[in-house]
Amino acid sequence: MEIRHVRTFLAVAEHRTVLGAAAALDLAPSSVSQQIRALERDLGVQLYHRSPSGMRLTEAGLVLAAQGPEFLDRWARLGRSVTAAATTAPLRIASTEHMVATQIPGILREFGNRVPGGTVAVDTLSEPTCVVDAVASGSADVGLVLDMHDDAADRWLLPATQRTDVCYADLVPVTTAIAMASGHSLARHERLTIADLVGEHILSGPRRCATHLGVENMLPEPMEPMSSLVVAFSWAANGLGVVMAPKFAIGRTSAAGQLVAVDLDIAPHTSWIRMVWSPERPVVGDFRDLLYAASVGVNGGDEVTQPGEIAAAS
């Protein structure tokens with residue numbers, strides 16, 4: 001069975017006549033008729049009832065007309081996948097700055113253990129929406145995003161992850177914490193609640209970060225978004241506020257013992273690191289190993305700093 005014969009068959013089914021299909025395909029009517037008969041011979045069934053008034057699909061023809069478009073679409077995806085597998089371009093993983101700094105190294109290490117000599121290019125993008133867009137467009141093979149889940153409503157809050165043309169895997173829950181100067185009164189706590197933040201100058205990363213989603217409306221004071229978490233941590237280290245951020249970001253960006261990180265209870269919300277990839281990409285070869293490396297190489301934060309442990313701002 002030839003693909004071009006299936007396309008011709010579907011054109012006849014759409015236009016109801018050989019002449020109409022021939023005009024649409026820019027073929028001679030005799031060529032269209034020959035292709036339909038060749039397809040019938042290959043399948044061993046009659047696809048059309050032929051009469052002077054036109055062509056009517058048989059029961060077998062109705063099945064092929066219903067499933068043929070999906071078959072052609074799958075064939076096209078297979079062709080793209082085979083072509084992509086034959087290229088020598090490195091695999092690409094995309095994420096936002098703090099995720100690239102804190103999570104990607106572990107993934108690259110795991111990938112290197114599984115694929116010695118394998119290459120993965122890393123793209124640092126400005127926000128989660130860009131990460132998901134990169135995966136959907138094929139410019140990145142895998143993406144990592146930090147998303148917020150409303151456990152009470154059972155829904156994800158990051159607009160970028162509402163897309164249905166990519167796949168998601170929830171890798172690890174992320175501890176949310178408050179970072180502050182070591183002399184701050186809250187630094188003595190083992191764990192904080194939202195109520196403990198009354199009267200505090202709360203800093204955060206850019207508003208596009210997942211930390212803002214859902215939690216901001218619960219806070220007793222509005223958050224002041226900074227241009228980056230690095231700036232927010234620096235302000236907190238100088239006593240100019242406290243920073244709400246993923247715990248892994250607090251621990252991995254610290255340097256000089258100026259900050260204390262204390263876990264924050266954000267119920268009924270939870271944060272997660274989520275992996276994104278295209279459903280059109282076959283999970284084989286090095287790509288499969290990259291997905292595996294991403295699933296085991298990330299860290300939600302509990303191994304980075306414990307409550308009350310001093311971490312510094314960069």
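Of the 314 residues that make up the chain, 47% count as buried, a value that, like the others here, is computed from a predicted model. The accessible surface of the chain amounts to about 15200 Å², and carbon and sulfur atoms account for 52% of that surface. Along the chain there are 10 helices and 15 strands. When contacts with a separation of 6 or more are considered, 71% of them join residues that are 24 or more positions apart.

One example of a link between distant parts of the chain involves aromatic rings, of which the structure holds 1 pair. The centres of the rings of Phe-9 and Tyr-48 lie 5.3 Å apart with their planes at 50°, and because this angle is neither under 30 degrees nor over 60, the pair is described as tilted. Phe-9 belongs to helix α1 (residues 3-15), whereas Tyr-48 belongs to strand β1 (residues 48-51), so that the pair connects positions 39 residues apart. Both Phe-9 and Tyr-48 are buried.

Aromatic rings also meet charged side chains in this model. Arg-274 lies over the face of Trp-156, at 3.8 Å from the ring centre, and the charged end of Arg-281 is placed over the ring of Phe-287, 4.5 Å from the centre of that ring.

Turning to the cysteines, the structure holds 0 disulfides. Cys-130 has a relative accessible area of 30% and is therefore partly exposed, since this value falls between the limits of 20% and 50%. Cys-167, at 23% relative accessibility, likewise counts as partly exposed.

Definitions and conventions
Residues are numbered from 1 along each chain as its sequence is written. This is a predicted model: local features need pLDDT of at least 70, side-chain atom pairs count only at pLDDT 80 or more; totals for chains, interfaces and linings use all residues. Side-chain values use heavy atoms; hydrogens and water are left out. A disulfide is a pair of cysteine sulfur atoms within 2.5 Å. Buried means under 20% relative accessible area, exposed over 50%, partly exposed in between (1.4 Å probe, protein chains only). Helices (H or I, at least four residues) and strands (E, at least two) are DSSP runs, numbered from the N terminus. Contact means heavy atoms within 4.5 Å. Accessible areas come from the Shrake-Rupley method with a 1.4 Å probe; for residues, only the protein chains shown count as cover. Rings of Phe, Tyr and Trp (its six-membered ring) pair if their centres lie within 6.5 Å; planes under 30 degrees apart count as stacked, over 60 as edge-to-face and the rest as tilted. A charge sits over a ring if NZ of Lys or CZ of Arg is within 6 Å of the ring centre and within 35 degrees of the ring normal.
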